[in-house]
Amino acid sequence: MISVENVGKAFTLHNQGGAVLRVMEGATLSVAPGECVALTGASGAGKSTLMRMIWGNYRTDHGVIRVGDTVISGAAPRAVIALRKGTLGHVSQFLRVLPRVPTLRVVAEPLLTLGVPAGEAEARAAGLLARLRIAERLWGLSPTTFSGGEQQRVNIARGFVHPYPALLLDEPTASLDPANRETVMTMIEEAKARGAAILGIFHDEAARARLCDRAVDVTGFTPQAAA
Ligand SMILES: Nc1ncnc2c1ncn2[C@@H]1O[C@H](COP(=O)(O)OP(=O)(O)OP(=O)(O)O)[C@@H](O)[C@H]1O
């Protein structure tokens, strides 16, 4: 479902004399439906960079990244938007939303974009918010002022509101209390059981051991290690 073949990436630092930083070479991995794969490796090894290339925010210099039938490396913005609409979900570490949009709408929005009627979309969003223990009095407010853990749970609800066949998770259990951490792990297990292909960064080792079928250490793709 997700495949990365021989991908390389360098950053050109235009504000630092055009210095070129080669950060990835020969990155290769695949995630099958129903599988959860962890990206591991030391800080700075390139985990986030690889996730951003799969999400389509960073360009790949060479190699091929596919999600389902879409070749995301080199894809036009329109194709990236289409992929994100129904196929590829993403739970980033930090919630980014427009100000003043109520939480219920923030979570329902991916379904509205897919054409799900507003009542049904909001009912599904409400179910997830309740499951993730976001107090109902907060649903009509923008999440911009919520606590870190509340924002993370809104982000998770938004990433799970549609049954995306592929999911990218960036530290989904990072700032959660034990009860919510357990809920999120169960949601990830349910996503696997319905056949989602999941690629994640999990610094929470117990969560990684429970959820992930295997790990890919990106240190193997850093140019120094490959040399
Ligand atoms: N936008 C950017 N411009 C320049 N260099 C970047 C950019 N993004 C990442 N890098 C560099 O790429 C390398 C890999 O960074 P990345 O954030 O992918 O690592 P990571 O494994 O996710 O680290 P961490 O676990 O600390 O989040 C680092 O050396 C970083 O400085």
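Q: How do the residues of the lining of the largest pocket divide into nonpolar, polar and charged?
A: This is a predicted model. In the lining of its largest pocket, twelve residues are nonpolar, nine are polar and eight are charged.

Q: How many residues line the largest pocket, and which are the closest to its centre?
A: The lining has 29 residues. W55, R84, H90, R96 and R158 come closest to the centre. The space in this pocket is about 960 Å³.

Q: Which element gives the most to the lining of the largest pocket?
A: Helix α3 does, with five residues. Elements that each supply at least two lining residues are α1 (47-55), α2 (77-86), β6 (88-91), α3 (103-113) and α5 (148-160).

Q: How many disulfides does the structure hold?
A: Start with the general idea. A disulfide covalently joins the sulfur atoms of two cysteines. This structure has zero disulfides.

Q: Why is C212 not bonded to the closest cysteine sulfur, in C36?
A: The sulfur atoms of C212 and C36 are 3.5 Å apart, which is too far for a bond. The cut-off is 2.5 Å.

Q: Is C36 buried or exposed?
A: C36 is buried, at 0% relative accessible area. C212 is also buried, at 15%. The cut-off for buried is under 20%.

Q: How many salt bridges does the structure hold?
A: Again, the idea comes before the case. Side chains of opposite charge can pair when their charged atoms come close. Here there are twelve salt bridges. One of them joins R22 and E25, with N and O 3.5 Å apart. R22 is exposed, at 51% relative accessible area. E25 is partly exposed, at 25%.

Q: Which parts does the pair of R131 and E190 tie together?
A: R131 lies in helix α4 (residues 118-131) and E190 in helix α6 (residues 178-193), so the salt bridge ties parts 59 residues apart in sequence. The closest N and O atoms of R131 and E190 are 2.9 Å apart. Both residues are partly exposed: R131 at 34% and E190 at 39%.

Q: Where do K192 and D213 lie?
A: K192 is in helix α6, and D213 is in the loop between α7 (205-211) and β9 (214-217). They are 21 residues apart, so this pair too links distant parts of the chain. Their closest N and O atoms are 3.2 Å apart, in a salt bridge. K192 is buried, at 17% relative accessible area, whereas D213 is partly exposed, at 45%.

Q: Which residues are linked in a network of salt bridges?
A: E182, E189 and R210 are linked in this way.

How values were computed. Residues numbered from 1 in each chain as written. Predicted model: local features only at pLDDT ≥ 70, side-chain atom pairs only at ≥ 80, totals over all residues. Heavy atoms only, no water. Buried < 20%, exposed > 50% of the residue type's maximum accessible area, 1.4 Å probe, protein only. 1 Å grid on protein atoms, 1.4 Å probe; cavity = no way out; pocket = protein on both sides within 12 Å on 5 of 7 lines; lining within 4 Å. Points joined across faces, edges and corners; volume = space filled by probe spheres on them. Helix = DSSP H or I, 4+ residues; strand = E, 2+ residues; numbered from the N terminus. Nonpolar A, V, L, I, M, F, W, Y, C, P; charged D, E, K, R; others polar. Salt bridge = Lys/Arg side-chain N within 4 Å of Asp/Glu carboxyl O.
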